[in-house]
Amino acid sequence: MMLAVCTALLFAQSFVHAEALKINMATAYAADNFHAQNLQQYASDVATATSGRVSIKIHPAGTLLKPNEIFEGVRRDKVEAGEVIMSSLAKEIPLFGMDSLPFIVSGYEDARRMWDASRSSVEKALSERGLQLLYAVPWPPQNLYSRNPINTMRDFKGLRMRAYSPASERISELVGAKPVTIQVIDLSQAISDGKLDLMITSSWTGVETKAWSRMQHYYRVNAWIPKNIVFINKKIFDRLDSDTQKKLFDAARVAEQRGWKLSQNSDQDYENQLAANKVNVSIVDPYIRRYLDRIGENLAREWLKQAGSEELKILLKYTTDRSMK
């Protein structure tokens, strides 16, 4: 009799434990986006590594929470895990604004150096808000799309420019454009409806939103290489045993490496697709280039005014590592 009772209790405990390991992951990006595909592979890897004891269900395209609700939703226990673009949180966490400082990174190697320099501080900032960082993956470089040719700085004046972060909003103001807040989930419709004249975004986003329906010009300005961060509610994560936590981290490390390669390898293909749809792919006039660089310097100075000692230390480490490459 005692053996039967113990067996029943063990079965009940294992059932409860299995139920506690079901994780819903909210993301703003469509299922065929490489970030969402990478998330799906991560979920599959976790399921395999844990023999099905941890089940992560990916909810793409803002179907579980709207993009601007994901961060708070995970913090407030509405959903177990999520993915957001890091720079969208810069108003709350100034450190995250470093991720979209224009013209601080010139390519993926620089972006990796910045991530290596800032990762532990990003993890700490998330932990203080009840979240556990899993991994980060960059978008392709952010470039300039326009409905009309941009030949001089005067061509920016009064145009409606997409804003989705403090940095993108400030850039639109400094070039004399009018910032229009549009999240990625609404971007395709906004372009189709002619609500935008300019935007700074990745080659992938241009393809995904069929930017060529209204925007015929694409300029390689390499503004910045922003990252998406993937995180889980810390209370959920802390309930896992150490072995299971390690398996989630191991799968996250693989997902991060895979995601960076996906981002880098896809950029040229996306630009080719833009060109195939009669988008003029080019670089900006040298005078405009210099002006944009000055805007980048201006924004860096503004950011440094609100940054603390930790942010200054990270930026110094990054610039030092970069100078020694």
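Begin by selecting the charged side chains of this predicted model. The chain carries 43 positive and 37 negative charges, and the mean positions of these two sets lie 2 Å apart.

Next, display the whole chain as a cartoon. Its secondary structure consists of 11 helices and 11 strands. The radius of gyration is 22 Å, close to the 20 Å that the globule rule gives for 325 residues, so the chain is as compact as a globular protein of that length. Reduce the display to the C-alpha trace and orient it along its principal axes: the trace spans about 85 × 45 × 35 Å.

Now turn on the surface. About 15200 Å² of the chain is exposed, and carbon and sulfur atoms supply 53% of this area. Of the 325 residues, 50% count as buried. If contacts are drawn between residues at least 6 apart in sequence, 77% of them join residues at least 24 apart.

The tour then moves to a single residue. Select Pro67, in the loop that runs between strand E2 (55-59) and helix H3 (70-75). Is Pro67 buried or exposed? Its relative accessibility is 18%, and Pro67 therefore counts as buried, the cut-off being under 20%.

Keep Pro67 in view and add its surroundings. Beyond the neighbours within four places in sequence, Pro67 is in contact with Ala28, Gln183 and Ile185. Finally, select Ile85 and draw a C-alpha to C-alpha distance from Pro67: the two residues are 18 apart in sequence and 9.4 Å apart in space.

Notes
Residues are numbered from 1 along each chain as its sequence is written. This is a predicted model: local features need pLDDT of at least 70, side-chain atom pairs count only at pLDDT 80 or more; totals for chains, interfaces and linings use all residues. Side-chain values use heavy atoms; hydrogens and water are left out. Helices (H or I, at least four residues) and strands (E, at least two) are DSSP runs, numbered from the N terminus. The radius of gyration is taken over C-alpha atoms; the globule rule is 2.2 Å times the number of residues to the power 0.38. Buried means under 20% relative accessible area, exposed over 50%, partly exposed in between (1.4 Å probe, protein chains only). Contact means heavy atoms within 4.5 Å. Accessible areas come from the Shrake-Rupley method with a 1.4 Å probe; for residues, only the protein chains shown count as cover. Lys and Arg count as positive and Asp and Glu as negative; His and the chain ends are not counted. The place of a charge is taken as NZ of Lys, CZ of Arg, CG of Asp or CD of Glu.
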